[in-house]
Amino acid sequence: MIGDSIEISVVDIKGDQVKLGIRAPKKVKVYRKEVYENIQRENRAALQSTGTLPSLEPFLEQQKKKEKP
Amino acid sequence: MKIVTKAYGPLDIDERQVIQFPYGLIGFEQFKVFALLDASQQPFYWLQSLDVPDIAFVLINPLLFRPDYTPDVAEEDLEDLQLDQPDDLLVFSIVTIPENQNRMTANLQGPVLINRKKKIGRQSISLNPNWRVKHVILEELAALKD
């Protein structure tokens with residue numbers, strides 16, 4: 001237990017891998033480090049975006065047409 | 001007020017376009033004040049840092065290509081935004097545009113949430129494993145037709 005409300009348990013052990021379960025109230029954020037790092041990396045990649053923005057209009061127009069019966 | 005932007009150089013903007021990000025963006029925690037600008041190319045927006053012109057992100061409304069999108073973020077994150085009503089919430093995805101622009105992607109796992117009334121924003125992490133950091137926008141649009 002961590003504090004009164006966060007419970008960590010071993011869910012499974014396979015070879016040298018241990019699967020942990022975390023039970024926490026919805027208010028508490030539990031993320032895997034990889035998820036956080038992925039977003040960090042993606043933000044950095046987004047900063048390198050090419051300066052000129054592409055036009056999505058033709059694709060969105062197509063979509064609108066499709067939606068009409 | 002006058003600001004300097006990455007995309008358009010010096011610009012005169014309305015103070016109502018200024019959004020406070022108390023936690024910055026993930027990996028860019030030091031930048032806490034941004035302006036939300038319409039890009040000259042619709043349907044994109046720019047999230048432009050007021051501190052450093054080079055820090056600017058392209059945003060898009062994810063519902064344009066994923067009508068089923070919901071950010072599914074922790075309640076705590078929503079509390080930070082101090083929303084009085086759900087309508088005040090704006091949801092954006094950060095866009096990454098590689099050299100081959102057809103492969104541009106949107107980050108649905110790290111949505112940018114903004115309280116448009118109180119001008120408070122934050123980047124959250126979606127708890128929904130269906131949302132990833134790279135969704136190819138044109139592929140998602142093509143998939144919509146079915």
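**Exercise 1. Find where Phe44(B) sits in chain B, and decide whether Phe44(B) is buried or exposed.**

Solution. Begin with the position along the chain: Phe44(B) lies in the loop between β4 (33-38) and β5 (45-49) of chain B, where strands (E, at least two residues) and helices (H or I, at least four residues) are DSSP runs numbered from the N terminus. The model is a predicted one, in which local features need pLDDT of at least 70 and side-chain atom pairs count only at pLDDT 80 or more, while totals for chains, interfaces and linings use all residues. Residues are numbered from 1 along each chain as its sequence is written, and chains are lettered from A and ligands numbered from 1 in the order in which they are written.

Next, count the neighbours. A residue is buried if 20 or more other C-beta atoms lie within 10 Å of its own, exposed if 12 or fewer, and partly exposed in between, with C-beta atoms placed from the backbone. Phe44(B) has 22 C-beta neighbours inside 10 Å and therefore counts as buried.

**Exercise 2. Which residues does Phe44(B) touch, leaving out residues up to four places away in sequence?**

Solution. Two residues are in contact if their C-beta atoms, placed from the backbone, lie within 7 Å. With that rule, Phe44(B) touches Ala39(B), Val58(B), Leu59(B), Ile60(B) and Val95(B), and also Leu53(A). One of these partners, Leu59(B), is 15 residues away from Phe44(B) in sequence, and the two C-alpha atoms are 5.7 Å apart in space.

**Exercise 3. Trace how the strands on either side of Phe44(B) are paired.**

Solution. Two strands pair if DSSP finds at least two bridges between them.

- Step one: β4(B) and β5(B) run antiparallel and are joined by five bridges, and the hairpin that connects them passes through six residues.
- Step two: within this pair, Ala35(B) stands opposite Gln48(B), while Asp38(B) has Tyr45(B) as its bridge partner.
- Step three: β4(B) also pairs in the antiparallel sense with strand β3 (residues 18-20) of chain B, over three bridges, and there the bridge partner of Ile19(B) is Phe34(B).
- Step four: β5(B) pairs with strand β6 (residues 56-60) of chain B over four bridges, again in the antiparallel sense, with six residues between the two strands in their hairpin and with Val58(B) as the bridge partner of Trp46(B).

As for burial, four of the five residues of β5(B) are buried, and the strand is mostly covered.

**Exercise 4. Which residues have the most contacts inside the largest nonpolar core, and which elements give two or more residues to this core?**

Solution. A nonpolar core is a set of buried Ala, Val, Leu, Ile, Met, Phe, Trp, Tyr and Cys residues joined through C-beta atoms within 7 Å. The largest such core has 36 residues, and those with the most contacts inside it are Leu36(B), Leu47(B), Phe57(B), Val58(B), Leu59(B), Val95(B) and Val112(B). The elements that give two or more residues to this core are β4, β5, β6, β7 (89-96) and β8 (105-115) of chain B, together with α1 of chain A. Phe57(B), for its part, touches Leu47(B) and Ile94(B) in chain B as well as Ala46(A) and Leu47(A) in chain A, not counting residues up to four places away in sequence. In soluble globular proteins, nonpolar side chains tend to be buried together.

**Exercise 5. How many residues does each chain bring to the contact, and which element gives the largest share on the side of chain A?**

Solution. The contact takes 34 residues from chain B and 27 residues from chain A. On the side of chain A, the elements that give two or more residues are α1 (33-47) and α2 (57-67), and the largest share, eleven residues, comes from α1(A). Sorted by class, this side holds twelve nonpolar, eight polar and seven charged residues; here Ala, Val, Leu, Ile, Met, Phe, Trp, Tyr, Cys and Pro count as nonpolar, Asp, Glu, Lys and Arg as charged, and the others, Gly among them, as polar.

**Exercise 6. Describe the two chains as wholes, and state the scores of the model.**

Solution. Chain A has two helices and two strands, in the order β-β-α-α from the N terminus, and 10% of its 69 residues count as buried. Chain B has two helices and ten strands, and 36% of its 146 residues are buried. The model scores ipTM 0.94 and pTM 0.87.
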